Amino acid sequence: AEGHFNVRGAEPGAITVDRPAWVPATFEWDGGAGETSVELEQFIARAVHISGDAVRDRYGDFIAMAKSTELNAVMIDLKDETGLVWYDTSHPVAVEVGADYAVYDLDSVVEQAHAEGLYVIGRLVAFQDPTAAVQKPEMAVIDTATGAPFVHNEQYFLDPTDPAARQYNLEL
């Protein structure tokens with residue numbers, strides 16, 4: 001909880017301490033006993049949000065922009081507020097409800113960003129999901145007055161208390 005760790009039975013050499021959203025730090029370990037203090041700096045992401053269709057149509061432009069500015073990260077839509085899953089997935093629920101839009105290959109997109117030294121943030125809108133809520137009303141927030149999926153400002157929602165709705169988003 002306080003960031004302490006022990007290194008035992010490892011060969012002497014460079015030890016890298018890495019934590020998501022922090023800048024990794026490396027130190028040399030001689031293999032002997034003793035303590036070493038390692039301080040990590042918090043990573044400050046300066047990202048551009050890239051919608052799913054923009055990943056498909058103009059991803060290279062965004063990578064070039066990041067390289068020529070102070071940006072150090074990209075945030076790509078995995079699943080947006082329409083409920084569409086933009087990356088190539090075969091998740092059974094996404095396929096069943098017609099959310100598997102598959103306009104880009106996630107592994108390729110991440111590899112390209114990492115090759116340019118960019119941090120990748122995946123944006124997944126979890127419960128604002130008209131695609132799944134309408135097609136699978138058993139996972140939706142239900143309007144008790146109508147018995148149908150609840151709609152507000154033309155938007156439908158998955159029920160965050162429904163285990164299947166939570167599992168769907170976790171698996172994506």
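The legends below describe a predicted model of one protein chain, first as a whole and then at selected salt bridges.

**Figure 1. Overall fold of the protein chain.** The chain is built from 5 helices and 11 strands. Its radius of gyration is 21 Å, whereas the globule rule gives 16 Å for 172 residues, so the chain is more spread out than a compact globule. Along the principal axes, the C-alpha atoms fill a box of roughly 70 × 40 × 25 Å. Of the 172 residues, 33% count as buried. Among contacts between residues at least 6 apart in sequence, 55% join residues at least 24 apart.

**Figure 2. Surface and charge of the protein chain.** The exposed area is about 10,600 Å², and carbon and sulfur atoms supply 49% of it. The chain carries 10 positive and 29 negative charges, and the mean positions of the two sets are 2 Å apart. The structure holds 7 salt bridges; the pairs in the following views are among them.

**Figure 3. Salt bridge between E116 and K67.** The closest N and O atoms of this pair are 2.8 Å apart. E116 sits in the loop between α3 (106-115) and β9 (119-124), and K67 belongs to helix α1 (residues 52-67), so the salt bridge ties together parts that are 49 residues apart in sequence. E116 is partly exposed, at 35% relative accessible area, while K67 counts as exposed, at 52%.

**Figure 4. Salt bridge between R123 and D77.** Here the closest N and O atoms are 2.8 Å apart. The pair links distant parts of the chain, with R123 in strand β9 and D77 in strand β6 (residues 73-79), 46 residues apart. R123 has a relative accessibility of 22% and counts as partly exposed. D77, at 3%, counts as buried.

**Figure 5. Salt bridge between K79 and D129.** The side chains of K79 and D129 meet at an N to O distance of 3.1 Å. K79 is a residue of strand β6 and D129 lies in the loop between β9 and α4 (130-135), so the pair ties together parts 50 residues apart in sequence. K79 is buried, with a relative accessible area of 0%, and D129 is buried, with a value of 0%.

**Figure 6. Salt-bridge network of D77, E81 and R123.** Salt bridges that share partners join these three residues into one network. The R123 and D77 pair of Figure 4 belongs to this group, with its closest N and O atoms 2.8 Å apart.

Technical notes: Residues numbered from 1 in each chain as written. Predicted model: local features only at pLDDT ≥ 70, side-chain atom pairs only at ≥ 80, totals over all residues. Heavy atoms only, no water. Helix = DSSP H or I, 4+ residues; strand = E, 2+ residues; numbered from the N terminus. Rg over C-alpha atoms; globule rule 2.2 N^0.38 Å. Buried < 20%, exposed > 50% of the residue type's maximum accessible area, 1.4 Å probe, protein only. Contact = heavy atoms within 4.5 Å. Areas by Shrake-Rupley, 256 points an atom, 1.4 Å probe, with all protein chains shown as cover. Lys, Arg positive; Asp, Glu negative; His and termini not counted. Charge placed at Lys NZ, Arg CZ, Asp CG, Glu CD.
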